[in-house]
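Here is a friendly walk through one protein chain, written to be read with the model open beside you. Please have a look at the sequence and structure first.

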Amino acid sequence: MTKIKCEVSDIQWDYDEGEEETLPTEDTIIINHPWNDITDDEVADIIGDKLSDKYGHCHFGFCIDDFELTKGE
């Protein structure tokens, strides 16, 4: 199992003009992944899905500032 703690910033949310939103531009996302070999693209996809699930909005992108990786057996 791989555990990844990611710090993301510059989250660009997709929402309708005029909607009053208080969506964050930064967040910390924890990923618990069943594989020990996870690619950077997979990490970005999982982060994107978790952000959308957590806040109920799609996004146009974000920056991964830092991450902490712990691999299990």
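What follows goes from the overall fold to the core, an aromatic pair, a few single residues and the largest pocket.

**Overall fold**

Please keep in mind that this is a predicted model. The chain has one helix and three strands, and reading along the sequence gives the pattern β-β-α-β. Strand S1 covers residues 2–14, and strand S2 runs over 27–33. Helix H1 spans 40–55, and strand S3 spans 58–71.

Along the principal axes, the C-alpha atoms fill a box of roughly 50 × 20 × 15 Å. Of the chain's 73 residues, 30% count as buried. How much of the contact in the chain, at a separation of 6 or more, comes from residues 24 or more positions apart? Such residues account for 68% of those contacts.

**The nonpolar core**

In soluble globular proteins, nonpolar side chains tend to be buried together. Here, the largest nonpolar core has 14 residues, and the members that touch the most others are Ile31, Val43, Ile47 and Leu51. S1, S2 and H1 are the elements that each give two or more residues to this core. Which element gives the most? That is S1, with five residues.

Leu51 is a good residue to centre your view on. Not counting residues up to four places away in sequence, Leu51 touches Val8, Ile11, Trp13, Asp27, Ile29, Gly56, His59 and Phe62. One of these partners, Trp13, leads to the next feature.

**An aromatic pair**

The count of aromatic pairs comes to one. Trp13 and Tyr55 form it in an edge-to-face arrangement, with 5.5 Å from centre to centre and 70° between the planes. Planes over 60 degrees apart count as edge-to-face, so the angle of 70° puts Trp13 and Tyr55 in that class. Trp13 lies in S1 and Tyr55 in H1, so the pair ties together parts that are 42 residues apart in sequence.

Are the two partners buried or exposed? Trp13 counts as buried, at 10% relative accessibility, while Tyr55 counts as partly exposed, at 26%.

**Single residues worth a look**

The table sets out some residues by element and accessibility.

| Residue | Element | Relative accessibility | Class |
|---|---|---|---|
| Ser9 | strand S1 | 14% | buried |
| Asp10 | strand S1 | 43% | partly exposed |
| His33 | strand S2 | 8% | buried |
| Glu42 | helix H1 | 26% | partly exposed |

Start with Ser9, which counts as buried because its 14% relative accessibility is under the 20% cut-off. Leaving out residues up to four places away in sequence, Ser9 touches Thr25, Glu26, Phe62, Cys63 and Asp65. Ser9 and Asp66 are 57 residues apart along the chain, and their C-alpha atoms are separated by 9.7 Å.

Asp10 stands out for its backbone. Most residues other than glycine have a negative phi. Asp10 is not a glycine, yet it has a positive phi of about 50°. Asp10 lies in strand S1 and is partly exposed because its relative accessibility of 43% falls between the 20% and 50% cut-offs.

His33 lies in strand S2 and is buried, with a relative accessible area of 8%. Which residues does His33 contact, leaving aside its neighbours within four places in sequence? They are Met1, Thr2, Ile38 and Ile46.

Glu42 belongs to helix H1 and is partly exposed. With residues up to four places away in sequence set aside, Glu42 touches Trp35 and Asp37.

**The largest pocket**

Rolling a probe the size of a water molecule over the atoms shows where empty space is left. The largest pocket holds about 160 Å³ of space. Its lining is made of 10 residues, and the closest to the pocket centre are Ile4, Thr39, Asp40, Val43 and Phe67. Helix H1 and strand S3 are the elements that give two or more residues to the lining, and S3 gives the most, with four.

What classes of residue make up this lining? There are six nonpolar, two polar and two charged residues. Val43 links two parts of this report: it is among the residues closest to the centre of the largest pocket, and it is also among the core residues that touch the most other members.

Conventions. Residues numbered from 1 in each chain as written. Predicted model: local features only at pLDDT ≥ 70, side-chain atom pairs only at ≥ 80, totals over all residues. Heavy atoms only, no water. 1 Å grid on protein atoms, 1.4 Å probe; cavity = no way out; pocket = protein on both sides within 12 Å on 5 of 7 lines; lining within 4 Å. Points joined across faces, edges and corners; volume = space filled by probe spheres on them. Nonpolar A, V, L, I, M, F, W, Y, C, P; charged D, E, K, R; others polar. Phe/Tyr/Trp six-rings, centres within 6.5 Å; stacked < 30°, edge-to-face > 60°. Buried < 20%, exposed > 50% of the residue type's maximum accessible area, 1.4 Å probe, protein only. Contact = heavy atoms within 4.5 Å. Core = buried A, V, L, I, M, F, W, Y, C linked by side-chain atoms within 4.5 Å.
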